[in-house]
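Biologist: I'd like to learn how to read burial and packing in a model. Could you walk me through it?

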Amino acid sequence: MALPVEEWRLCAARRWAALEPTVRERLAAASLRDTLRLGCGLLRPEAEALSRLCRRARAGKEPAAARFYREEGNRLFGRRRYGAAVRLYSRVALGSPQAASHELPGCPEVSVCFANRSAALHSSPSPPPPLLAAPHHHPQSSWVCLEDIARAESHGYPDRLLPKVLLRKAECLLCLGRLQEAADALSAVESKIAMDGIMNTHQTLLKKLSQLRIKIQEKESCPESAREACDDSQRKSEIWEENDSISGASSSLTLNFDIERGRHLVASQDILPGQNLLKEEAFVSVLCPGESLLLQDSSETAWDTRVTNADLYCHRCLRQLLASVPCRGCSYAKYCSQNCADVAWEQYHRTECSLGALLLTLGVFCHVALRTVLVAGFAEVNRLVEWSHDDDKDLHNLEARCKHPSEAPDTRTGTRGILGCNDDGRYQSSYQAVFNLLPHAEKHSPEHKFLCMLSVVAICKQLQEAGLEAAVLNQESSEKWSKPKTCEKTSGELSPELKIMAEAMLRHVLQLQCNAQAITVMQESGSGDGAVVNKKPVRLATAFFPVLSLLNHSCCPNTSVSFSGTAAMVRASQPIPSGQEIFHCYGPHRCRMRVAERQQLLSQYFFECHCQSCLDELESDVKSVVSMRNSFCCPSCRASMQGEDTLCCSNEACTISVSRESLSYRLRDLQQQIKKALELLRDRKADQAIKMLLKCQMDARNFLSPEHLLMGEMEDHLAQVYATLGKWQDAARHLENSIEIVEMHHGPSSVELGHELFKLAQILFNGFAVSEALSTIQRAEEILSVHYGPQSTQIQELQEMKTCLLELPRRILQRT
């Protein structure tokens, strides 16, 4: 949830309703600075309620939790659920207070935790390769496993258990091709076994060592020049010329401004589909702690065993975690490496660490606002807040003085005076650009501004009461893991410096409603252990991208946005002629909903969409195509049903009529039945899942149009079930039906169609349908390279399948 948890929202609403009408009027008309001045004392009655809510968000170290997670991890390891065990062993370290210091190496409990996690990592299956490829152990798993073994040794792992860990270390080193180190590890194992008089059990491992040496020698003899040449060609295709005036943007773009469209980007030359237009690192990003996967068979306990995005991705760089490195102060923050943990601590987490429960309670927007000012630093925040108080630099006056895009020359000097640009006219991904994103303070409701103000004041007061003000103002010593000094609580008045930080934070929270960018990732859905990997987009983090924010909205955009960690990439999704504006879709695409629904959703951005798609739909008397395709159909003659509350058959010869409410109820019931079928699939009851999905399909044909998106989803689910049974022809047939509906809704070059073709390629590949697979791979490559680029993991996987298929005759001959 972005801002904030519902209980705090209701608490603030009650406080707003209880205010005197004159106070509400003054707050409604106040500037950001005056809002804080008037509202600082209004938090006191709600402080206790906020404290109670924070106690529900456990972010501190709890030894009892560490014991619980260790026992749960052992239980799941015994059931060979290694991935789930890794997550729980990670929480042992997060819950252990002993893990809070570098200076305590002798912690047996923590050392056993790391050793157990290394065992679970080593036992975890790699991401399933295509069936025609040779299985392998993923190198990254071996690297992380080695790191955990080193942590176990440094924390005083019991000497009597050491041989088992050293054997695992040798296997990981062998996997990585580090033969000499592997041999040294085996020698250490042999010495240890001989010294302790344990039964000689290392012969099996030595035999395995010999086998792996042969495989590694074969791998080393394979020339890498072809692969390197391919990589070089891909890198060359991605070479571009960066814009002189806009950091991270292509030289094919120009920054312009006019009163109607504000700041925006325009093509300065003809742009082809797939051309890279923007590469920008987020100024700040905060991982959303939303629910993701759930551990099965978890009983109700005092500690949560659910797996969320906060367990799956690094809290700094957003890379996927195999085994997390915990923060030494709190149980919430997790990182992919010690380097990420150290950098996060220096930049912002030493201040955020003790505020974890409060930030989780107030929501991601407040967290992003705090991190933004911490990364910017007090000096820069103070400079820009003072600048915003200067009446001579009034926002509207400044924008009014900017030139119309048709008058602005295509040079760096042409951007001078546009908000967010430096004195030399360059627009950078900087705090100055973030600060100058429009907060629309006058357009937010007074109640919403009051909620944001109370939340910001709560953060600043906790900073002050915890003695963290010096750290916020960059005045604290640079000692890495020093705990903040406590100080006596003040009377409630914020210091002048914290008021400046609070004003900037309030500005940022308001900006985020219109300028927050969701970082999304394609995440595996289902068990992830099948030959066909099914993925869906998941919101991973909320971020500020000041250059990306220059793109205005269109319900039919000419760009596609993708993410790699904290970086955003914008590519042209269609030909863009010189002089045309560059558009990004803020969410409601014309292929997914009708114009009335889109306009309602876009109201949160404080503008009315006048893109060509909206204008075309509003001017026509006919229903939109998406509405027709997602409509109900007559159960008698299959014609479309029309009307509002009561729907009548569009076929004049048919007299059937039915209430919209009854059909909507029937649709909801159908969706619940589909959900139950997918649960059966997750429980490995494929035959039952097929029966239920086929029944759902028959029911749906009686009242949904054949092109309804849900009809396509059911075909997709059936393909997934048949693929788990290895019935590739049946799976391909159902997926082809799904692809027809997806293409009808989203278009022949859409990213949605690309993902469906990717799945079809996997099915045809595993079914040995060579010619069909090759043609599908080519079509999927053409689409996905436009949206993700030639170096994306999707394209690499498609190329690996293609290589394997082209080499198939040679492999078959070798086997015979």
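Modeller: Sure, let's start with His-787, which sits in helix 31 (residues 770-788); helices here are DSSP runs of H or I, at least four residues, numbered from the N terminus. Bear in mind that this is a predicted model, where local features need pLDDT of at least 70, side-chain atom pairs count only at pLDDT 80 or more, and totals for chains, interfaces and linings use all residues. Residues are numbered from 1 along each chain as its sequence is written, and side-chain values use heavy atoms, with hydrogens and water left out.

Biologist: Is His-787 buried or exposed?

Modeller: Buried means under 20% relative accessible area, exposed over 50%, partly exposed in between (1.4 Å probe, protein chains only). His-787 has 5%, so it is buried.

Biologist: What is His-787 in contact with?

Modeller: Contact means heavy atoms within 4.5 Å. Skipping neighbours within four places in sequence, His-787 contacts Ser-560, Ser-562, Arg-571, Ser-573, Ser-749, Ser-750 and Val-751.

Biologist: And how do I read a nonpolar core?

Modeller: In soluble globular proteins, nonpolar side chains tend to be buried together. A core here is a set of buried Ala, Val, Leu, Ile, Met, Phe, Trp, Tyr and Cys residues joined through side-chain atoms within 4.5 Å. The largest has 118 residues, and Trp-8, Leu-370, Tyr-431, Ile-459 and Ile-582 touch the most other members.

Biologist: Which helix gives the most to this core?

Modeller: Helix 20 (residues 446-465), with 11 residues.

Biologist: Is there a second core?

Modeller: A separate one of 58 residues includes Ala-689, Phe-703, Leu-784 and Cys-804.

Terms used
Helix = DSSP H or I, 4+ residues; strand = E, 2+ residues; numbered from the N terminus.
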